[in-house]
Amino acid sequence: MTSSQGEGKTPEWAFEAFLRGEPVEHSVRPAILRAWQRWRTEGVAWDKLGFGEPVEIDPDSFLIRMARPVFESARHIIADADAALLLVNEESILQLRYLSDPQMESLFDRVNAVIGVSYSESVLGPTGTGTALHERRPFRVSAFEHLTPAVQPLTATGVPIFDPLTGHIRGAVGIVCYNEHEDLAMAVLAHKVAMGVERRMLEAAGARERTLFEAFLRAGDLPGRLAPGGAGTGLRDLPRADRLLLEEKAAELIADGRRAAIEVPLSRERVAVLRSVPMTDPAAAVGVLAQVRIQGGPWEPLAAPAEPVPPELVRGTPLLTLAQVRARAVNGGRAAPPPQQPPRESPRGPLPEAPAAAGDPWLLLFGEPGVGKIAAAARKRMRVLYEAATNMGKTLDVVRTAEELAEVTAARFADAVAVDLYEPVLHGEEPGEPVMGEGLRRVAARAVREDLFPAWLGQPVHYPPSCPQLGCLRSQEAVVWTDPRAVAPAVDRGVGMTIGDPRARSIIAVPLVCHETVLGVATFMRTRESEPFDEDDVALAEELAGRAAVCVDNARRFTRERVMATALRRSMLPRRLPEQNAVEVAHRYVPAWEGAGGAWFDVICLSGTRVALVVGDVAGRGLHGVATMGRLRTAIGNFAALDMPPAEILAQLNDLARRLEREEADEEGRVLQDVPGAAEGAGVTGTTCVYAVYDPISRRCTLAGAGHPAPVLVRPDGRAEFLDLPRGQPLGLGGPPFESIDVEIPEGGELVLYTRGLLVGSPDVAAERLLRALDHASDRALDRAGGTAAQTCASALAAVPPGRLTDDVAVLVGRTRALDPDHVARWDVSADPAVVARVRGEFARRLAAWNLEELAFTTELILSELLTNAIRYGAQPIQVRLILDRTLICEVSDASETSPRPRRAAATDEGGRGLFLVAQLAERWGTRYTRRGKVIWAEQPLTGPGDALDGPSPLLALAADEL
């Protein structure tokens, strides 16, 4: 791939850039980049990635037995979808493969993607199933996000399969299709299949639990009668507080899942001994019994279990570590076994008889199937909360936060989800006192099927009085409807998923409330194919809505501050650049996504047809940074009006920055401590700036920088290079004096100034990327008719990798022009007052050649005053220059550094009116210092003297007297 192709920032470009070792943080998703980096740590060469040799799998494994019926039921769905349905175990080994397209089957066979091969990241890089297992969440990998070329034509979505009781990952479901056929329905199908497998695993766990309990009872290991009175005490005779304490301690033992015994002090000086006993049934299923023996007075420890369970069978057992049920005495639920029992059999052989005696242990706790389902549902809710905590509120964008709520809850918690927010919230404002059911807009909607309900995203939503959404907005509490069909159908647009839908089974409408302010409403719906919402689901919906409301409110506040900062920044940046002939100017400003920065640019017209180009970047952020940017921009404009050299202007700006920093430090101690967050982003120290002055007459540019990135010079022949500008210290840090350089720029050359936000990633790589982009722009600019400064500006921005910017980007491009030599006239003048008349005559002839005879009189007046002052008070050499540009400029230079000062002469004074006349006749005038003296200049508009010279004028009469 060529360099020009790489500038497109395509996934292919990011893929190849990563292989070359270039930073691609802003070109790929963070999770994909983590997967790429994990592959790199494995040390496997890129060209060695691919499917290896398959291993033998157990076709009757528990995972395959649970998944096969679900996969068979989904076969007809992928039959017409040109897709593949895959199952991998927790080690990423392919267990099942369902292919609907012969062409895809041929591709899979050709690359050896057969049953038994590994889909792990160590052998393939990122894959839908392999990366989903590693990330423990659904994951999609598409096109060049794959590192393996064999699977780059495919898009894969993987969804992990969690054990419903333990939460351990047992495998993953993968949906694979061609890149051009990628569809949201594929991801939804993967979710459904994974949930179906988890449901079958839960049902199997319940059956195993019942079998295990019956096996324990048949073994006769538990006595069937209560201990006689006296030394022993039955469970039924214990006070309620003692029974609850025993159940709590027994639950802790069961949850621990190991063989253990503890003492529990009870009331009336009694002591109970609790023992947890892991046991197995003939199918090798493992459970944990919590047994108790209660005695008053001396007691002996319980004997060890007659049949110890091997530790390898206890480890990893999911069943009864979560099975905590109410006390269940054997005689309370089953008939007592006969006193004389036959020899008992255990899974590992016969056990010796152990006749019941006073103080024998009693069964206190054991699991039953319903408890497993409750635990599984609780774990599922915890997973939804975990996903919400990790995935909501990461972007500080109101709409995106609402979309994250819909994405987290759809398919995991509800079949359809919609989020509606009040209109002011979208713009960062508080909704105030909205009319109930009015002013809402649908900002997010997600469903397991696209045809489940119409989304109408972005459209206003009106809820009629019969809707649950309106009820929850009134009460600010969740409203649950278990039979939406019982209510008259709503006909308003956007409410089709709420009531009157025959597919709806139950609905939860929850208000989004934060700080007692209602921001909107979230609606969750389950269809007839799912279980209805229960009380626990309502609590979960309220928790999700509460978290979402906080995130939406944070995003709203950020949006409001961002809008305010953007408006303030827009008002402080130049609204319209001044018209001038020295350079063709183009500029671009791209604000950062999070937090307004203080980058700025400016174009300032100076005397003598020169122009100053300025780019700076304030260290602070937010409103404070923008305000500081405005102060510095105003200050640099005032300093520029003094016509000081660039290095001296930066020195003045540095002193101002240090003074502002001291003021902020004093103010922060008194005021900002009472305003939380007001000092965030504060600070002037560290602000960078570059100041360049271009003279179209000499075609020379003088530049000075204060810690700013070096400008780029693009020559007319297409070569781009960084200027060797002394970097200097950022403003406010002090340090050595600022240095400047002089560069000759041919006509048509381009000076590119920018902020550090343009250099994303490694500084060296970013600088090389910018240079390539500008070289590419210069190639187009070789055609003088087609190349413009705006194109160069756009090419500079193209060097920024895609993604949200973390810092403001300001680019200012000036394409230089040269002033026609015929528009400049120079005269060297001796220190003799008699030469003034001769020079006035030369001025008149030059103005006649320029067709400006109407300006001859006022120009001669200005020249006479300036030249006379230079001869009287200045030093040799003296030079006069007349420049024709957008204005007529008269300049008189000498070697003296003494600046003239206008004064008001009294009526009786014979002199002192010269500069006063110059100020009245000229549009503007001033003094600028050079390396060898000073220049006094005055500008006149080319429109002629106008009405000011019509008729008798006291000013002209005064001027004539002066002459």
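Okay, one term before we start: when I say two parts are in contact, I mean heavy atoms within 4.5 Å. Also keep in mind that this is a predicted model.

So, with that term in hand, let's begin with two helices. Glu-561, Met-564, Ala-565, Leu-568, Arg-569 and Met-572 in helix α16 meet a set of residues in α17, namely Gly-622, Leu-623, Val-626, Ala-627, Met-629, Gly-630 and Arg-633. If you sort the residues of this contact by class, you get eight nonpolar, two polar and three charged.

How do people describe a pair like that? Two packed helices are described by the angle between their axes and the distance between the axes. Here, α16 covers residues 535-572 and α17 covers residues 622-641, and their axes come within 9 Å and cross at roughly 5 degrees. Angles under 35 degrees count as roughly parallel, and α16 and α17 are therefore roughly parallel to each other.

Next, let's look at a sheet nearer the start of the chain numbering. What is the strand order in this open sheet of five strands? Reading across, you go β2-β1-β5-β4-β3, and the pairing is antiparallel. At the edges you find β2 (94-99) and β3 (139-142), each pairing on one side only. From one strand to the next, the twist averages 15 degrees.

Zoom in on one edge. β3 and β4 run antiparallel and are joined by four bridges. Ser-142 stands opposite Thr-155 in β4. There's a helix here too: α7 lies across β1 (83-89), β3, β4 and β5, and runs at about 40 degrees to β4.

Now for some empty space. How many cavities of 30 Å³ or more does the structure hold? Five. The largest cavity has about 160 Å³ of space. It is lined by 17 residues, and the closest to its centre are Tyr-119, Val-151, Leu-154, Ala-156 and Val-176. You've already met some of the elements involved: α5 (102-110), α7 (128-135), β4 (154-162) and β5 (169-178) each supply at least two residues of that lining. And what classes of residue make up the lining of the largest cavity? There are 12 nonpolar and five polar residues, with no charged ones.

While we're around α5, have a look at Asn-112, in the loop between α5 and α6 (121-124). Its phi is near 70 degrees, which is a positive value in a residue other than glycine.

Let's jump to the other sheet I want to show you. This is also an open sheet of five strands, in the order β28-β29-β30-β32-β31, with antiparallel pairing. Why do β28 (824-829) and β31 (924-930) each have one side without a neighbour in the sheet? They stand at the edges and have a single partner strand each, so one side of each is left open. The twist averages 15 degrees from one strand to the next.

Inside this sheet, β30 (residues 887-894) and β32 (residues 933-941) run antiparallel, joined by eight bridges. For one example, the bridge partner of Ile-889 is Glu-939 in β32.

Helix α22, residues 856-873, lies across β28, β29 (878-884), β30 and β32, and it runs at about 15 degrees to β30. In the loop between α22 and β29 sits Pro-877. The peptide bond from Gln-876 to Pro-877 is cis, with omega near -5 degrees.

Last stop: the second largest pocket, which has about 1,200 Å³ of space. Which of its 37 lining residues are the closest to the centre? Those are Asp-695, Arg-928, Tyr-929, Thr-930 and Arg-931. By class, the lining of this pocket has 16 nonpolar, seven polar and 14 charged residues. Compare that with the largest cavity, where the lining has no charged residues.

That's my tour, thanks for listening!

Definitions and conventions
Residues numbered from 1 in each chain as written. Predicted model: local features only at pLDDT ≥ 70, side-chain atom pairs only at ≥ 80, totals over all residues. Heavy atoms only, no water. 1 Å grid on protein atoms, 1.4 Å probe; cavity = no way out; pocket = protein on both sides within 12 Å on 5 of 7 lines; lining within 4 Å. Points joined across faces, edges and corners; volume = space filled by probe spheres on them. Nonpolar A, V, L, I, M, F, W, Y, C, P; charged D, E, K, R; others polar. Pairing = 2+ DSSP bridges. Axes fitted to C-alpha atoms, helices over the stretch in contact; angles between N-to-C directions. Parallel < 35°, antiparallel > 145°, perpendicular 65-115°, else oblique.
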